[in-house]
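This report describes the internal space and the ligand environment of one structure. The model is shown below.

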Amino acid sequence: MKTDFSTLVRPHLWNLTPYSSARDEYKGTEGVFLDANENPFGSVTGEYVNRYPDPHQTEIKRKLSQIKGVREEQIFLGNGSDEAIDLLIKAICTPLEQSILILPPTYGMYKVCADIQQVTVLSAPLTVDFDIDLPRVEETIEPSTQMIWICSPNNPSGNLVDREKIRTIVEKYPQKIVVIDEAYIDFAPDASWLPVLDQYPNVVILQTFSKAWGMAGLRLGMAFAHPELIAILNKIKYPYNLNILTQKALLQALDHEDQKNQMVQDLIQERQILAEALQNQAEVLHIFPSDSNQLLVRVKNPSDLFHYLIGQKVITRDRSNVLLCEGCLRISIGTREENQHLLSEMNRFSALHPET
Ligand SMILES: *Cc1c(COP(=O)(O)O)cnc(C)c1O
């Protein structure tokens, strides 16, 4: 399968000369550094932040490439996946001319980033059970469509979408980029596309440290793709997009993958317990199957329940106005105690709203 990045990437970026930082021009770590106008005395708090961070995140990528089983030149690290989403659209789509395809209901940032860049957003909604509607995808795609955005496990529905359908799209459109957002992939063992990335040069895989790794506050997202595309992302990112504290925290975190795996196991167990308990709730009409750390739940009185819960300081996400999510709240899996708290407040709500 052939993907020609020189025609896929916007031509002016292909030829762009990127900013060359002091840390690009001298890569050693030892010496008297008088090249970057840093403060040699240190920082005002004494914390080691007076030096610029590694713009290429070399040490992190070395470790990460082992954990993920990919080559370092296949890795882009961003200030959250959001940065990768933004840069991908910037790199691939010409404003006012080209388009992306999204499969709603899905993560909102794909459309927001496209809207900001004046890139047209085409939609091929998922089926009612939140799987890819292949005929719909095929009839919606236009020649101007540069990228197809697939979220699996999907947000807000929580489920993995059909792997064969993704494969069909990837193989049918080798000259379009297919982004597979795997933000929740840790909760769905063996479902990642990472092991077959080398076979599909048009595939970009997004992952994040925000969910399973428990590091949403750090803002750290990953994109895995063909080295030619990764090189373009690196060329157009801000030179120091990951700050020194984030890089340090991440390097430590990467030694604790077992802890991440343990939390994933615990969250999956809590999801099971919560889903079973929700089945018995008078308010609950349907619980959608989840391969992530969220449950999409259809309830009888979504708006009333949502606001009642907020009044009790239990915050869920009202998705009842989202396409195909009519009547649904999205509930993140909490600790055992937090989930119990949710359930008892739902019981109280039902007692206040007897069946009519
Ligand atoms: C939470 C989430 C992300 C993560 O975004 P970050 O910017 O890395 O925090 C990405 N994609 C989806 C679908 C998500 O739900």
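## Internal cavity

The largest cavity has a lining made up of L103, T106, L126, I132, I150, C151, N154 and V161. In this predicted model, the volume of the largest cavity is about 30 Å³. One cavity of 30 Å³ or more is present in the structure.

By residue class, six of the lining residues of the largest cavity are nonpolar and two are polar, while no charged residue takes part. C151 is counted among the nonpolar residues, and T106 and N154 fall in the polar class.

## Ligand surroundings

The ligand is surrounded by 13 residues, of which Y184, T208, S210, K211 and R219 come nearest. The shell around the ligand comprises four nonpolar, five polar and four charged residues. Within the classification used here, Y184 counts as nonpolar, T208 and S210 as polar, and K211 and R219 as charged.

## Polar contacts and burial

Three side chains place polar atoms at short range from the ligand, as follows. For D181, a polar side-chain atom lies 2.7 Å from a nitrogen atom of the ligand. For Y184, an N or O atom of the side chain is 2.6 Å from an oxygen atom of the ligand. For R219, the side chain likewise has an N or O atom 2.6 Å from a ligand oxygen atom.

The ligand taken alone exposes 390 Å², and the protein buries 94% of that area.

Definitions and conventions:
Residues numbered from 1 in each chain as written. Predicted model: local features only at pLDDT ≥ 70, side-chain atom pairs only at ≥ 80, totals over all residues. Heavy atoms only, no water. 1 Å grid on protein atoms, 1.4 Å probe; cavity = no way out; pocket = protein on both sides within 12 Å on 5 of 7 lines; lining within 4 Å. Points joined across faces, edges and corners; volume = space filled by probe spheres on them. Near = heavy atom within 4 Å. Polar contact = N/O pair within 3.5 Å; in protein donor to acceptor, adjacent residues only side chain to side chain. Areas by Shrake-Rupley, 256 points an atom, 1.4 Å probe, with all protein chains shown as cover.
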